Amino acid sequence: MRKLLRRAGRRVRALFHPGVLDAELDEEIRLHVELETEDLMRTRGLSRDDARRQAMVGFGGVERYREAQRDARGVRWMEQIAQDLKYAARSLRMSPGFVVTSVLTIALGIGVTTTVYSVVNRLILHPLPFANEDRVVLLAWQYRGQELSSWITSDQVVNWQRHADSFETISMLDPYVGGRVIVGHRAIVAPGTAVSPGLFRALGVKPLLGRGFVSADTAAGAPRVLLLGEALWRGEFGGRPDVIGRRLSLNDTAYTVVGVMPEQLIALRDYQPIRVWLPVSSATLVHFGATMQGIQGVGILKPGVSRDRAQQELSVLLNQLMASRGPTRKADEPAVRLVKPTAFLSGMFETGLWALFGSTLLVLLIACANVANLQLIRAARRAEEIAVRTALGASRGRLVRQLLVESSVLSGLGGIGGILVGWWGLRAITTWHPAVVRQLNTVGLDRRVLAFGIVLIVVTTLISGLVPAWHTTSWRLAEALRGVPKLGRMRGRRRLQSAVVIAEIGLAFLLLVCAGLPMRSLLNMLAVDPGYEAAGLLEVGVWLPQARYPDSTRQSAYWQAIITRVGALPGVVSVVTATSGMLQANHASTGGNVQAEDGPLAGKPVWLTIEQRRVPADYFRTLGIRMLAGRTFSPTDERGNANVEVINRSLAQRLWPGVSAIGKRFRWGEPPYAGPWITVVGVVNDVGVAGLPGAITLQEYKPHGASDIGQASGLFVRVRRGTSEVGVLSSIKDILRSLDPQVPITSATTESALLSAALGIPRFSTVLLTTLAGLALLLAAVGLYGVIAYAVTQRTHELGIRIALGARTGDVSRLVVGDGVRLALVGSVIGLAAALASVRLLTGLLVDVSPTDPVVFIAIPCGVLSTALLASYLPARRAARVDPVIALRAE
Amino acid sequence: MAERADLLQGTLDLLILKTLVLGPLHGWAISKRLRQLSRDVLDVGQGSLYPALYRLEDKGWIAAEWGTSPEGRRAKIYTLTADGRKHLAAERAEWKLFSAAVDQVLKAT
């Protein structure tokens, strides 16, 4: 062992201090020759010079021994690499422009790729922040021909907990146990989740403070305990450790806080906030009076047990239980499926993300192509040097290696830059991402991402370096030395460069289309008129607890007080109670046969599905829904039983096409089961789901009676233009808190913020795609510029002759620009074909935009061609300025 | 047998180790003594001497140290290590066996 260490030490010394060892060897050899000389003088009586010559001859070529000696040191290949690196550094230092362009190009390519990869890694590949993430599964449920559901019944979970042995643990997960928590004197809404006691330990998650759950916590009659989520603890309790042991009221029941759990656990619940944790077991479920409650199940597989095997085991147990309860119809028998806990979440954007990742790989490919092209151009300038080195005996393999070392220096530098770009990109993503994708809060440069970055560097080196290296070293010696390669060979080289540029332009074109279509779609969504005025509209959610406000008198008093006080705030125009948010698409609707009393449809009932809302008279004014005809409800309408309604334009047109609907009557159903006749008193504009064109439905509004006020769940507030919406919101919150601090505020936001959040994902993906496409175009333009500029330097001679023979500046420029545009045209045609073949994949992501949208398909070729014009104009200007005298003298 | 494919190299190693049995020597002295001991029959190509010395040092059979030569010059002095001594004994036995075998074959003809 010691020997090994000593040898390793000598190798290292040999590698890093070859000079010292060489010097030692020199000294030894010198001594040898001197002693030999003296010996020869003494024994043979030779003169000093003769003796010395003979000693040298006896020794042989000194250099050869040195080499042999170095080989014996066993570090030859490492020395060669070091030599190559030194050589690469020296030769790269001579062309700084090339180095800067290549390094930046690679940095951008690797940077965006690592950024998007880390998002893919976080959302799809490794979504769970647990050490044993691969073994965590959700027990999902699937009835024949139906969609997968995460809801199963507790009796099944209990059965599996008892009998299955593929699992370390199976836990129940009840995601809806939160509620109204009183902190001090204030009430807040705390979403909560109940889990089986063993789950945290099985996941390897330790409480930040206090303890986790133990099985005694779920025994019948055990003291009620809960755990706080990290965010609630920090936000409401200031992260104080004395929270342990405190008693807390959750939904008017007292619990003792026994611990605080870290935020990472929210991964279990689709990354929705979890503020409190409760224990659950079959005993507590029974205790709550439910033997077959719908819950979710999470399992942790034993190491080495496959998902399939565990699923089979659960199926068998499931079938046994079903069979023991008597015969069932086949279709009623659910199958159990083991899926990732995020399966129900990531499906939303999985396709889009992979598309995005594909796009970034294309950008990287363009970057590699660019660098390869630059290398080819540079190699042409170095043809002589390479030829000389070949003549001096360097083998082709040695030269290819030399060139690859140069490429890897470039990729290495580019990779470091790329990781910086990636770091910056990730910071941009963590601060600026759609709120629904909460996991992106914690996306970062972890081990996996760095490893991926290193793989990218190696791949980049190979792609961008191998082809040029191979190509460069294939030139014939004599041609290169003569300085004028044969025309055919030169043409071949230019053809390769042109092909690379054409491919780059084609890819950029494809990416532009893939970004342009979603952008059009986003613009369409932004342009949709939701039918109400979002600017200046505030929405505040309030949860009136049944226990404190048991009857309509008290509820009504509460709302009246709020309306009066909020209405008195400066800048507030009007206030109404609300029963649901505007953006909720799944509003209560009724379907049935509807009969119009007169008009074209009289006597011919039609089947309609109509959205129904009960609203106060001020509703339309407050929300900014335009009254198209008639009036809103009067106080009489609200008090009495008069069957009057306001309907939307679509419903009016459906029932009474072409005529005014005011004063007309309709009813649900047909005699003898017909409802009462309903008189239309007003027609309002259609209200749609924001950002979703074409989602307009038929809508009817009933007057909001005094008894309906108990249903209210919040307020809509209209503020005057120019008033600070945020300021009014905080005043409203103050009013609510001062009126009754035990009534929790469930939400307080501006309608504009809700609208923009609803478009968060499309906007996010569009911005990313557009950035990528822009980058691709920029890179392709740089590539085109490089090739054209190189062609100009190659043709200086020819251009000089042309100018000498009387060609004008314009002619020369046109000649050069024409070359560039020709390449761009060919690239665009190829890109167009590729785009037309692949846009169908985008259809799912597009709203109101045809995959062959003419605007996109006209704008993009124009953009690509004008970029190409610009990229070739710069070298063209230089070409036009060629001085024929200098150009011709250069030969 | 694969190790002894390069017979010459193995032999040179053996000879160098042998010269060092009597005491530490520097490079030139080793070549001189080889010549003396073989009565000038074996003139080791000095060029292969130094790589061989390095190799033996690397294997730990000899140790090198900068010191002063009997001629009063600064020189790298080589000493036989315990490992080297053991190796020499083993190699010597092998060599005897080998040379006896070659002898046998030559006598037979």
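User: How many salt bridges does the count come to over all chains?

Analyst: The count is 25 over all chains. A salt bridge here is a side-chain nitrogen of Lys or Arg within 4 Å of a carboxyl oxygen of Asp or Glu. This is a predicted model: local features need pLDDT of at least 70, side-chain atom pairs count only at pLDDT 80 or more, and totals for chains, interfaces and linings use all residues. Residues are numbered from 1 along each chain as its sequence is written, chains are lettered from A and ligands numbered from 1 in written order, and side-chain values use heavy atoms, without hydrogens and water.

User: What makes Asp39(A) and Arg42(A) a salt bridge?

Analyst: Their closest N and O atoms are 3.1 Å apart. The cut-off is within 4 Å, so the pair qualifies. Both residues lie in helix H2 (residues 18–44) of chain A, 3 residues apart, about one turn of the helix. Helices are DSSP runs (H or I, at least four residues), numbered from the N terminus.

User: Why is H27(A) called roughly antiparallel to H28(A)?

Analyst: The axes of H27 (residues 809–838) and H28 (residues 854–880) of chain A come within 8 Å and cross at roughly 150°. Angles over 145 degrees count as roughly antiparallel, so the label fits. Axes are lines fitted to C-alpha atoms over the stretch in contact, with angles from 0 to 180 degrees between N-to-C directions.

User: Why are H6(A) and H15(A) oblique to each other?

Analyst: The axes of H6 (residues 96–125) and H15 (residues 396–431) of chain A come within 6 Å and cross at roughly 45°. Oblique is what remains outside under 35, 65 to 115 and over 145 degrees, so H6(A) and H15(A) are oblique.

Definitions and conventions: Helix = DSSP H or I, 4+ residues; strand = E, 2+ residues; numbered from the N terminus.
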